[in-house]
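Trainee: I would like to take a close look at one part of this model with you. Here is the entry I have open.

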Amino acid sequence: MRNFQGETELGRKRRARKIFRTLGETYPYAVAELDFSNPFELLVATVLSAQTTDVVVNEVTPVLFGKYPTPQALAEADLSDVQTIIKPTGFFRTKAENIVKLAQRIYVDFDSVVPGRLEDLVTLPGVGRKTANVVLGNAFNTPGITVDTHFGRLARRFGWTDSEDPVAVEHEVGELFARKDWTMLSHYVVFHGRRICHSRKPACGVCPVAQWCPSFGEGETDPEKAKKLLKYEMAPGREELHRLMLEGATRRELRAAGYKLSA
């Protein structure tokens, strides 16, 4: 562990900014990992992503949106058909009911236009602050912090908050960063949590922000052993995929070229 006890508030903010900049340099290709072409697709995909992986959702949504491309189409869909399509995402009955009902709300109450305000989004079935911030940040360019399990875990490891409450985490972390950086901060932290700073055994020995992390040492500190813990494009043997992502290849381009983007 690294000792940052006695750190001033200014020092804490400076350390947070160093972590932000370094994660940005490590993951310059960080984006929302859900595929979407418009706010409606992102909203539905984010609702479907609960308690499953983005990889699974990205396999399901082309079929769903191919059949029900608009709020009106999904609002009028047969519920059992929607359940069948999204079944691989898990909790498919509840999710199907939520996405059909939210499509109905958007169609009837918002003239088929996904609202661009958090206070409107959170009134939709299956939509909480996390989902709303994903949509606002990535479809409307309105900065927001998305507190999922990865973000909350890393925010606590970095010493940015002690809270387990997502809303408290969102506000406490938000005070450390410029508002304009909130959306990218969310991407960088989530990417880092999925690739290096794992829940059970973080790869501390190859972590680019180890020198500013109070939790350094919770995981494997030996660099060679830590490398074996890396996932996704950073995993051993996937150097070509990592190079292409650093060069700007899109997720669709990589999949079309035959690369698997899962862990």
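Trainee: How many helices and strands are there in the protein? After that, please walk me through helix 2: which of its residues are buried, and what do they pack against?

Mentor: Happy to. The protein has 14 helices and zero strands, where helices (H or I, at least four residues) and strands (E, at least two) are DSSP runs numbered from the N terminus. Before we zoom in, keep in mind that this is a predicted model, in which local features need pLDDT of at least 70 and side-chain atom pairs count only at pLDDT 80 or more, while totals for chains, interfaces and linings use all residues. Residues are numbered from 1 along each chain as its sequence is written, and side-chain values use heavy atoms, with hydrogens and water left out.

Now to helix 2, which spans residues 39-48. It is mostly covered, with nine of its 10 residues buried; buried means under 20% relative accessible area, exposed over 50%, and partly exposed in between, using a 1.4 Å probe and protein chains only. The buried residues run from Phe40, Glu41, Leu42, Leu43 and Val44 on to Ala45, Thr46, Val47 and Leu48. An α-helix has 3.6 residues a turn, so residues three or four places apart point the same way.

The buried residues of helix 2 pack against helix 3, helix 4 (71-75), helix 5 (79-86), helix 6 and helix 8, with contact meaning heavy atoms within 4.5 Å.

The start of the helix is worth a zoom. Asn38 caps the N-terminal end of helix 2, placing a side-chain oxygen 3.1 Å from the backbone nitrogen of Phe40. For polar contacts, the cut-off is a pair of N or O atoms within 3.5 Å; within protein, one must be able to donate a hydrogen and the other to accept it, and residues adjacent in sequence count only if both atoms are side-chain atoms.

Beyond the other end comes the loop between helix 2 and helix 3 (54-67), where Gln51 lies. Gln51 is not a glycine, yet its phi is positive, at about 55 degrees. Most residues other than glycine have a negative phi, and most peptide bonds are trans. Gln51 is exposed, with a relative accessible area of 68%. Asp111, in the loop between helix 6 (92-109) and helix 7, also has a positive phi, near 55 degrees, and is exposed at 65% relative accessible area.

Let us follow the packing to helix 8 (residues 129-139), whose buried residues are Thr131, Ala132, Asn133, Val134, Val135, Leu136 and Gly137. Their cover includes helix 2, helix 7 (118-121), helix 10 (166-174) and helix 11 (182-195). Just after helix 8, Asn141 takes a positive phi of about 55 degrees.

Another neighbour, helix 6, holds Phe92. Phe92 counts as buried because its relative accessible area is 15%. Apart from neighbours within four places in sequence, Phe92 is in contact with Gln83, Ile86 and Lys87.

How does this sit in the wider interior? In soluble globular proteins, nonpolar side chains tend to be buried together. Here a nonpolar core is a set of buried Ala, Val, Leu, Ile, Met, Phe, Trp, Tyr and Cys residues joined through side-chain atoms within 4.5 Å. In the largest one, of 41 residues, Tyr27, Phe151, Trp160, Val173, Phe177 and Leu185 touch the most other members. Helix 11 gives the most to this core, with five residues. A second, separate core of 35 residues includes Ala75, Val114, Val134 and Val135; Val134 and Val135 are among the buried residues of helix 8.

Finally, zoom out. Of the 263 residues, 51% are buried. The C-alpha atoms fill a box of roughly 55 × 40 × 30 Å along the principal axes. The radius of gyration is 19 Å, which agrees with the value near 18 Å for a compact globule of 263 residues; that radius is taken over C-alpha atoms, and the globule rule is 2.2 Å times the number of residues to the power 0.38. Among contacts between residues at least 6 apart in sequence, 60% join residues at least 24 apart.
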